[in-house]
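User: I would like a close look at one part of this model, namely the salt bridges and the elements that surround them. Please take it step by step and connect the pieces as you go.

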Amino acid sequence: MHRAFRSILARSAAIPLASFAVGIFALASSSSAATETAVFAGGCFWCVESDFDQVDGVLETISGFSGGETKNPTYRQVTGGGTGHLEAVQITFDPDAVTFRELVDLFWRSVDPTDDGGQFCDRGHSYTTAVFVNGESQRREAELSRADAQESLGMSIVTPIRDAAEFYPAEDKHQNYYMGTNLVLTRFGIISQAKAYKRYRESCGRDARVRHLWGEQASFAH
């Protein structure tokens, strides 16, 4: 719960109901107006969502697709190819708590930005990386961040910085997959989504590759 809401609730007994309601409405309007969004494509969107949910100041993450031509694509369509879309995550954040630049800095260090053929064990266009930017301010910050990350890495970063495109949320079953309790059939047997996600992430080599590239700078590698 946002600390401002906790403070209001603590004082609510001494505030007339009408005044309390007006205060809640004003705070909600102020909070929503202050939020910003970032969209990153970093391979498997389950992993990107899991990573950025850990960041203080991130309010919401949504797994989905962006960058292509097909409207309202399904997961099967995107992974099957031909839509032009990438798996991506839309991140809503509080810029007073975490900046766009800080999020981009974390993003480079959570993927293999030297790979233009996919990410880790997931190959093909839909798994390639991109930073989608809203306006010149985000583009400038993303370009500065990429230059700094490239210098730090000592290798060429191939991840493009692209103008924001329509973002389409993926099916409900893909949202917060990494902590799902539904049972799914996998090559590891019938297990919960959360366990399937952990097995997938480990077997795909995501964290091992990120640690190899970035060392102690690796943002989220387990």
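Which residue forms a salt bridge with Asp-163, and how far apart are the closest N and O atoms?

Analyst: The model is a predicted one, and what follows should be read with that in mind. The partner of Asp-163 is Arg-139, and the closest N and O atoms of this salt bridge are 2.8 Å apart. The pair links distant parts of the chain, since Asp-163 belongs to strand E7 (residues 161–163) while Arg-139 belongs to helix H6, 24 residues apart. The two residues stand in contrasting surroundings: Asp-163 has a relative accessible area of 53% and is therefore exposed, whereas Arg-139, with a relative accessible area of 17%, is buried. The cut-offs behind these words are under 20% for buried and over 50% for exposed.

Helix H6 takes part in a further salt bridge, in which Asp-148 meets Arg-101 with the closest N and O atoms 2.6 Å apart. Asp-148 lies in helix H6 and Arg-101 in helix H5, so this pair ties together parts that are 47 residues apart in sequence. Asp-148 itself is partly exposed, its relative accessible area being 40%.

A search of the whole structure finds 8 salt bridges, and another of them joins the side chains of Arg-201 and Asp-51 at 3.1 Å, N to O. Here the linked parts are distant along the chain, with Arg-201 in helix H7 and Asp-51 in helix H3, 150 residues apart. Arg-201 and Asp-51 are both buried. They do not stand alone, for Asp-51, Arg-201 and Asp-207 are linked in a network of salt bridges.

Asp-207 leads on to helix H8 (residues 206–214), whose buried residues are Arg-206, Asp-207, Val-210, Leu-213 and Trp-214. Seen down the axis of H8, these buried residues fall within an arc of 130°, so they line one face of the helix. What covers them includes strand E1 (36–42), helix H3 (45–52), helix H5 (100–108), helix H6 (135–153) and helix H7 (193–204). The cover of H8 thus includes the helices already met in the salt bridges, namely H3, H5, H6 and H7. After H8 comes Gly-215, whose phi is positive, near 60°.

Aromatic residues add to the picture around helix H3. The structure holds 10 aromatic pairs, and in one of them the ring centres of Phe-45 and Tyr-75 are 6.0 Å apart with the planes at 40°, so the pair is tilted. Phe-45 lies in helix H3 and Tyr-75 in helix H4 (residues 75–80), so the pair ties together parts that are 30 residues apart in sequence. Phe-45 counts as buried at 1% relative accessibility, while Tyr-75 is partly exposed, with a relative accessible area of 25%. There is also an aromatic cluster, formed by Phe-40, Phe-52, Phe-100, Phe-107, Trp-108 and Phe-220.

One feature of the surface may be set beside these contacts. Leu-183, Leu-185 and Ile-190 make a nonpolar surface patch of about 390 Å². Of these residues, Leu-183 lies in strand E9 (residues 183–186) and is exposed, with a relative accessible area of 64%.

Conventions
Residues are numbered from 1 along each chain as its sequence is written. This is a predicted model: local features need pLDDT of at least 70, side-chain atom pairs count only at pLDDT 80 or more; totals for chains, interfaces and linings use all residues. Side-chain values use heavy atoms; hydrogens and water are left out. Buried means under 20% relative accessible area, exposed over 50%, partly exposed in between (1.4 Å probe, protein chains only). Helices (H or I, at least four residues) and strands (E, at least two) are DSSP runs, numbered from the N terminus. The arc is that of the directions from the helix axis to the C-beta atoms. Contact means heavy atoms within 4.5 Å. Patches are made of residues with over 30% relative accessible area and no salt bridge: like charges are joined within 9 Å, nonpolar side chains (Val, Leu, Ile, Met, Phe, Trp, Tyr) within 5 Å. Accessible areas come from the Shrake-Rupley method with a 1.4 Å probe; for residues, only the protein chains shown count as cover. A salt bridge is a side-chain nitrogen of Lys or Arg within 4 Å of a carboxyl oxygen of Asp or Glu. Rings of Phe, Tyr and Trp (its six-membered ring) pair if their centres lie within 6.5 Å; planes under 30 degrees apart count as stacked, over 60 as edge-to-face and the rest as tilted.
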